[in-house]
Amino acid sequence: MALPDLAVTRRTRRLGRAAVLGAGVMGSGIAAHLANVGVPTLLLDVAPATLADDERRRGLSLDHPLVRNRLARQGLERAGRAQPAAFFTPERAALITVGNFEDDLAKITDADWIVEAVVEDLEVKQGLLARVERHRRPDAIVSTNTSGLPVAAIAREAGAEFRRHFVGTHFFNPPRYMRLLEVIPTAQTAPEVVAAAAAWGERLLGKGVVYAKDTPNFIANRIGTFGFLTAVRLMLDLDLDVDEVDELTGPLLGRPRSATFRTADLSGLDVLLHVAANGYRNLPEDEARDLYQAPPLLAEMAARGWLGEKAGGGFYRRQDGEILALDHRTLEYRPRRRLSTPALEAARAIDEPGRRLAALVTMPDRYGEFLRRLTDATLAYAARRIPEISDDIVNVDRAMRWGFGWEAGPFETWDALVAAGGASALPEAAGAAAPELVRLVREHGVGTFYRDEPAGRAYFDLAARAYRPEPGLGERIVLAALRRANRTVERNAGASLVDLGDGVLCLEFHSKLNTIGEDMVVMGERALERLRVDFDALVVGNQGRDFCAGANLMLVLLEAQEGNWEDLDAAIRRFQALMMAFRRSSAPVVAAPAGRTLGGGVEFCLAAAHVQAAAETYMGMVEPGVGLIPAGTGTMEMAKRTAARFPDEVPGDLLPLLRWTFETIAMAKVSTSAEDARRLGLLRPCDGISTSTDLHLTDAKAAALALVRAQYRPAPPATIRVAGERGLAAIDTFLHIMRTGGHITDHDVTVSRRLAYVLCGGAVPEGTRVAEEYLLELEREAFLSLLGTPQTQDRIRHMLQTGKPLRN
């Protein structure tokens, strides 16, 4: 099955209320994320059979509501304490109502979606769903969150109408952050139910939806568990170490930094062994079935309780602030070691993933053998699973990218190796006994699983033995596809202008970490020139991991060290002028931040007519962390927004709001979500939030076109009411208290006073109205004077070297 087109999702029902049955880690996390997107949710669990010690001391009985709802309440409390945060903002928890199965199950009649998330036990799930069937509304959708149990068997005893409304929904942990949602229909599930569940997952919860067949462990866990167990056995065969394997299978291989064994520690070895045992028990025809029998090393670790981070240690353990790695030969822990050979270092230097992988799998040492055999086995295994676990390769590639954080799925990896000339190094996947799918791609295709076509990427369809358009794109904007279709208007090393169609231009950043340099400023200026002549609106956004990490601090530091103060002043003036031109553009500018949006990245957003933020946007004016203040119109804009909370006719006291704004900037606060950015004042109530990563730029473009249709006009320049000397005195008192208490350093005081001077408009009487340009001048002066101090330069240097702030 393919992802539904938007035309399908528009016809599906609206999700008004939900119920989650089971308040464990997964159930409470799912409930929290439903609350994140505004869905009132009922969270139920069993009523305890015995009193806890504190309940007994308080004189409570088993009939007391606090006791009967204890497990659900504890689940909600655990979600509230979770790190990273399960809720967008703490206030979202108010949308969750707790209860228990015995007293409150009848309340599920109000729910449009009932998510069962109890323990992974077939009989327990079947028993609970039998009770659910008696209370659910006839049109309510019921889904089971299982990591590998047969979905059809869970509802086997239910009536036909219930089974039509029943589907598997496998969330990954933690539900807020893990993008993958596997939707597993049964033979009886109605197509409209599948479409509704997928639409809620994608559009509402922001998930990447893949369709899996009802086979043990579905897609991601099937491939991922095979890969993990293969890595373990190869480690033992080749006498490698745990930390060596993780060095080989992390970013070097296009995988997350947690690599193989750190990921196992985060997931829990008990969970991995459960998934492996499920595979061994239920996959009698799998050619790799014996692999799913855990090797003695893993069994011994489980027997000792070395299950990973939740148990205090697993493959790694923290001791006295140091992370130690397990020596699997002695079962003792030792300091981690960094793996380095000339061949590995040469491969690290290769940016292009396919060429880097080709270099890795052809290394003549045992590290090359490990990577060659691991890659070979994984690609061959994935190819043999089509059409067993999925009808197409697209769902498999997406599952591994979205669920396990791979940069490329197994079939995309194959294509990259073919392009780099490295596929011949894989005898199982590419040799004479290659899987049937590989042979068909060679015989009926072009030798690769994907190929680029004018309308977008196409994939090789096993059933048709031909290439088909990649499913699930619908109205999604894919910048890479637009570039392939020659829609790039202009480009330099740091940014591009891409035609999104319908008169909308996109300013796309693509420097390292999307840091701001001259290339980006030049392309911003070119965007405004194009906007005046050829386009109706501009979207500032990209599809990288992060929107913008701020200014290129290395270049800033080098200029300061060389004493190029006139050049630095000119660069700041130029960036300020660009941001002011965005504000005053007669054509609307829409910013589309996602991920880290720091420093100057925030200033791009503050200058936009509208912001369409991804839900997972982490915004912060972090310049004070390196001893600077925002000087790209950001401090001016925050002062302006603070004053605007009081209309001219209302003689309100600015100080409480000013203190809030000051602390947000001075303490370099970074939002935990787009909703939290709204709380911090970095987003306005009118700005939009998109939960779907795939549809983020689509939503931003729609917002831009809506402004065009509304005949958008920028606000005229206005003066800003400032707190002046009274505000400076109040902030100085606050800083004195903080310094006396040892909470901040002398240089923190210096930076904060310069920030306060700009926010308060200088030493002027309270209530004075100043021009925007006046505050911009103060911004520049403060930035340059702070940059000239040894303390700030030390902070910048430390940040560049360690990625962490220095308190000096």
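This briefing covers two open sheets and the helices that pack on them. The model is predicted. One sheet has 8 strands with mixed pairing, and another has 3 strands with antiparallel pairing. Strands of a sheet pair through backbone hydrogen bonds, in either a parallel or an antiparallel arrangement.

**Sheet of 8 strands**

- The strand order in this open sheet is 3-2-1-4-5-6-7-8.
- Strand 3 (96-100) and strand 8 (208-211) each have a single partner strand, so one side of each is left without a neighbour in the sheet.
- From one strand to the next, the twist averages 25°.
- Strand 1 (residues 18-21) and strand 2 (residues 41-45) run parallel and are joined by 4 bridges.
- Within this pair, Ala19 is placed opposite Leu42 of strand 2.
- Helix 2 (residues 25-36) packs on the sheet, where it touches strand 1, strand 2, strand 3, strand 4 (113-116) and strand 6 (166-171).
- The direction of helix 2 makes about 170° with that of strand 2.

**Sheet of 3 strands**

- This open sheet has the order 12-13-14.
- Strand 12 (450-453) and strand 14 (466-469) are its edge strands, and each pairs on one side only.
- On average, neighbouring strands are turned by 40° against each other, direction ignored.
- Strand 13 (residues 456-461) runs antiparallel to strand 14, and 4 bridges join them.
- Tyr459 stands opposite Arg468, a residue in strand 14.
- Helix 19 (residues 393-404) lies across strand 12 and strand 13, and runs at about 115° to strand 13.

Methods
Residues are numbered from 1 along each chain as its sequence is written. This is a predicted model: local features need pLDDT of at least 70, side-chain atom pairs count only at pLDDT 80 or more; totals for chains, interfaces and linings use all residues. Side-chain values use heavy atoms; hydrogens and water are left out. Two strands pair if DSSP finds at least two bridges between them. Helices (H or I, at least four residues) and strands (E, at least two) are DSSP runs, numbered from the N terminus. Axes are lines fitted to C-alpha atoms, for helices over the stretch in contact, and angles run from 0 to 180 degrees between N-to-C directions. Contact means heavy atoms within 4.5 Å.
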